[in-house]
Amino acid sequence: MKIDENMSVLDLVKEMDAAGVFCAGRLARALDIFVEMVSDPDTTVFLGLAGALVPAGLGQIFADLIQEDFVDVIVSTGANITHDLIEAFGGQHQKGIEGNDADLRKRGINRIYDVYVSDAAFMKFEEKIQQIFRDIDVEKRREGIAVYELINEIGKRLNDRKSFVKVAADKGVPIFCPAITDSILGLQAWLFSQLNPLKINILEDLHQIINLAYESKKSGAIILGGGVPKNHILQTMLITGKGFDYAIQITLDRPESGGLSGATLDEARSWGKLKSNAKSVDLIADVTVAFPILIAAARQKLKEL
């Protein structure tokens with residue numbers, strides 16, 4: 001690879017493509033697949049978010065991708081939605097805080113690897129989310145509300161343009177969260193339900209995401225980190241019988257343990273989740289490094305088209 005001081009991110013990835021092997025070659029292939037899928041107006045793009053991606057600083061990237069119509073459907077962990085809302089409500093994710101974990105607990109600071117979130121931020125989150133729950137029409141809460149509808153109701157009441165939950169609500173992009181109870185957002189919903197009507201109809205989420213898959217002429221999946229969102233996206237094609245046309249997976253998990261997060265996309269092909277001729281790539285890399293490079297290069301490449 002030839003590296004010089006004047007090269008762009010796209011130039012760098014082109015050099016990786018010229019080498020064409022290992023993670024560098026796979027990142028270059030991910031770029032080609034990403035650009036092809038988002039350039040095709042007939043392709044419905046599903047984005048899966050797992051891991052601490054918002055605390056790592058990727059939230060605005062997701063918001064911008066939604067705003068610019070690169071993404072049509074999101075499936076996220078409850079944690080990423082929670083942390084997006086923490087920032088939308090004025091809380092912060094911090095870095096560089098000193099102290100061992102027992103000391104952090106005494107100081108009311110919660111650690112996510114080397115990111116820190118205060119108890120005060122969660123208290124503000126609780127205050128704001130409980131207000132939003134109360135503001136949602138009581139009959140809708142009593143009759144049963146799908147998770148994607150609940151998240152949409154939350155998004156409509158936010159003001160932060162960096163929030164992917166806010167931007168998704170504005171753009172009509174559904175956010176599905178099949179494991180919502182596995183998060184602080186889910187805990188807050190449960191707490192609210194103890195004194196107020198709140199019935200969540202999670203099967204309606206399946207109905208809606210499968211409808212979106214059925215209606216798509218072509219489909220693409222961008223899977224960041226694996227987890228529940230990965231399976232929730234891929235399993236939609238089991239019902240349609242069509243399979244994804246494109247798929248990009250970025251994860252640090254490995255396939256040897258048999259877990260889904262590390263399973264290759266070729267394995268998904270054996271289930272019919274991907275078409276036999278689908279364009280796909282598995283990139284074993286840190287999402288917080290690889291994905292920003294991918295998006296920066298894609299923006300430059302799309303300008304060349």
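Helices α8 and α9 are roughly perpendicular to each other in this predicted model, because their axes meet at about 100° and an angle of 65 to 115 degrees counts as roughly perpendicular. Two packed helices are described by the angle between their axes and the distance between the axes. For α8 and α9, that distance is 8 Å. Helix α8 covers residues 147–156. Helix α9 covers residues 164–171.

Which residues bring the two helices together? From α8 come Ile151, Asn152, Gly155 and Lys156. They meet Val165, Lys166 and Ala169 of α9. An α-helix has 3.6 residues a turn, so residues three or four places apart point the same way. Helix α8 is mostly covered, with seven of its 10 residues buried. Ile151 and Gly155 are among those buried residues. So are Val147, Tyr148, Leu150, Glu153 and Ile154.

Now turn to the sheet. How many strands does it have, and in what order? The sheet is open, and its six strands run in the order β5-β2-β1-β6-β7-β8. Their pairing is parallel. Strands β5 (175–176) and β8 are the edges, each pairing on one side only. Strands of a sheet pair through backbone hydrogen bonds, either parallel or antiparallel.

Strand β7 is a good place to look closely. Eight of its eight residues are buried. On one side, β7 pairs with β6 (residues 218–224) in the parallel sense, over five bridges. Parallel pairing also joins β7 to β8 (residues 274–284), here over seven bridges. Tyr246 of β7 has a partner in each of these pairings. Its bridge partner in β6 is Gly220. Its bridge partner in β8 is Lys279. Further along, Gln249 stands opposite Asp282 in β8.

Helices accompany these strands. What unit do β7, α14 and β8 make? They form a right-handed β-α-β unit. Another helix, α15, spans residues 287–304. Helix α15 lies across β6, β7 and β8, and runs at about 135° to β7.

The loop between β7 (244–251) and α14 (265–271) holds Ser261. Is Ser261 buried or exposed? Ser261 is buried, because its relative accessible area of 18% falls under 20%. Its side chain has a polar partner: a polar atom there lies 2.8 Å from the backbone nitrogen of Gly227. Beyond its neighbours within four places in sequence, Ser261 also contacts Gly225, Gly226 and Lys230, among others. Gln249, Thr251 and Asp253 are in contact with Ser261 too. Gln249 therefore links two parts of this picture, as it stands opposite Asp282 and touches Ser261. Next come two buried residues in other helices. Gln188 sits in helix α10 (residues 184–193). Gln188 is buried, with a relative accessible area of 6%. Which side chain does Gln188 join through a polar contact? The partner is the side chain of Gln130, at 2.8 Å. Leaving aside neighbours within four places in sequence, the contacts of Gln188 are Phe125, Glu126, Ile129, Gln130 and Phe133.

Phe125 appears again around Ile86. Ile86 belongs to helix α4 (residues 78–88). Its relative accessible area is 1%, so Ile86 counts as buried. Outside the neighbours within four places in sequence, Ile86 contacts residues including Phe125, Val117, Ala121 and Phe122. Gly91, Gln92 and His93 are also in contact with Ile86. Val138 lies elsewhere: 52 residues separate Ile86 and Val138 along the chain, and their C-alpha atoms are 24 Å apart.

Two last residues draw attention through their backbone. Phe22 has a phi near 55°, a positive value in a residue other than glycine. Phe22 lies in helix α2 (residues 22–39). Phe22 counts as exposed because its relative accessibility, 73%, is over 50%. Asp69 is not a glycine either, and its phi is positive at about 65°. Asp69 is found in the loop between α3 (59–67) and β2 (73–76). At 53% relative accessibility, Asp69 also counts as exposed.

Technical notes
Residues numbered from 1 in each chain as written. Predicted model: local features only at pLDDT ≥ 70, side-chain atom pairs only at ≥ 80, totals over all residues. Heavy atoms only, no water. Helix = DSSP H or I, 4+ residues; strand = E, 2+ residues; numbered from the N terminus. Buried < 20%, exposed > 50% of the residue type's maximum accessible area, 1.4 Å probe, protein only. Polar contact = N/O pair within 3.5 Å; in protein donor to acceptor, adjacent residues only side chain to side chain. Contact = heavy atoms within 4.5 Å. Pairing = 2+ DSSP bridges. Right-handed = clockwise from strand over helix to strand, strands pointing away. Axes fitted to C-alpha atoms, helices over the stretch in contact; angles between N-to-C directions. Parallel < 35°, antiparallel > 145°, perpendicular 65-115°, else oblique.
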